[in-house]
Amino acid sequence: MIKFTYPGPALNCCYHNHSSWSDGGTELEEVCRTAKKIGLREFGLSDHWVVPPKDGMNSEVWSMRLDRLNEYVTTLQKLKKELEDETFSLKMGLEVDFFYENADSVLKELTDSPLDYLIGSVHYSDIFPIDHSIEPWIALSEAEKKEICEIYWKKLEGAAARKEFSFIGHLDLPKKFGMINNDDYFEHAVRVLDIVQKTGIGIELNTAGWFKECEEQYPSLAILKEANVRKIPVIVNADAHDPAHLQRNFEKAAEVLCKAGYPERTFH
Ligand SMILES: [Zn+2]
Ligand SMILES: [Zn+2]
């Protein structure tokens, strides 16, 4: 699996993107071709891989079919042959939901496959969908919201301890809909960063957050500053579900990283 080093790759790389193999709106082939056309040097496709440990999660409506892994890999391998040259490299990845209940078997299967990298993400607190829509959040009391967040951060500690992941996705995701005070969980995030540092993996600066109700990249500047203190590599990613978003707000991301203390990030 790919291992990133501090401070992280240049801005003309993007490792967190989705196609119609999961919840993206565009065919995989077109997404990859667009990435090359707009001048990305390293492009990673990372459709959702969710193996739900219990019923009631409905993950099949937005994640890849679990019997199609080989087909996904073969499709990407074919595109690699066609598109790769000295200016463009295509990486085969997945965004994997972490669950304590099945992490060992799920990660064993994926690390045995020819995939290049795995993103470790948490989209569920128990069966509560963290980032699906604002409606379930509106129905929660303050105490319930706190419980959802506590479970989220505990799960993220588990993900951060897995060296199979190249980096952790959208670290402070529960802030997405602006329904919680993200600062209340700063210490939780720092605990996760301590584990990420020990495991020797990275985190991402995910620019999609700027276009959600929270109107901020994931994770916050305060968390990125702590990541820099720990010399944790940061990968700037669009989490694009549409090829038009492949480099969305990357210059703004570079500015935020500078504010966090990271060395200046350029497009080369
Ligand atoms: Zn995600
Ligand atoms: Zn994603």
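Glycine 200, just after helix α6, takes a positive phi of about 85°. The model is predicted: local features need pLDDT of at least 70, side-chain atom pairs count only at pLDDT 80 or more, and totals for chains, interfaces and linings use all residues. Residues are numbered from 1 along each chain as its sequence is written, while chains are lettered from A and ligands numbered from 1 in the order in which they are written. Helices (H or I, at least four residues) and strands (E, at least two) are DSSP runs, numbered from the N terminus.

**Helix α6**

- The 14 residues of α6 (residues 186–199) should span 20 Å at 1.5 Å a residue (taken times one less than the number of residues), and the end C-alpha atoms are 20 Å apart, which agrees.
- Ala189, Val192, Leu193 and Val196 are the buried residues of α6 (20 or more other C-beta atoms within 10 Å of the residue's own, with C-beta atoms placed from the backbone).
- These buried residues cover an arc of only 105° around the axis, which puts them on the same side of α6; the arc is that of the directions from the helix axis to the C-beta atoms.
- Glu187 and Lys198, on the other side of α6, are exposed (12 or fewer such atoms).

**Strands β2, β3 and β4**

- β2 (residues 42–49) and β3 (residues 89–97) run parallel and are joined by eight bridges; strands pair if DSSP finds at least two bridges between them.
- Serine 46 stands opposite glycine 93 in β3.
- Five bridges join β3 to the parallel strand β4 (residues 117–121), where glycine 120 is the bridge partner of valine 96.
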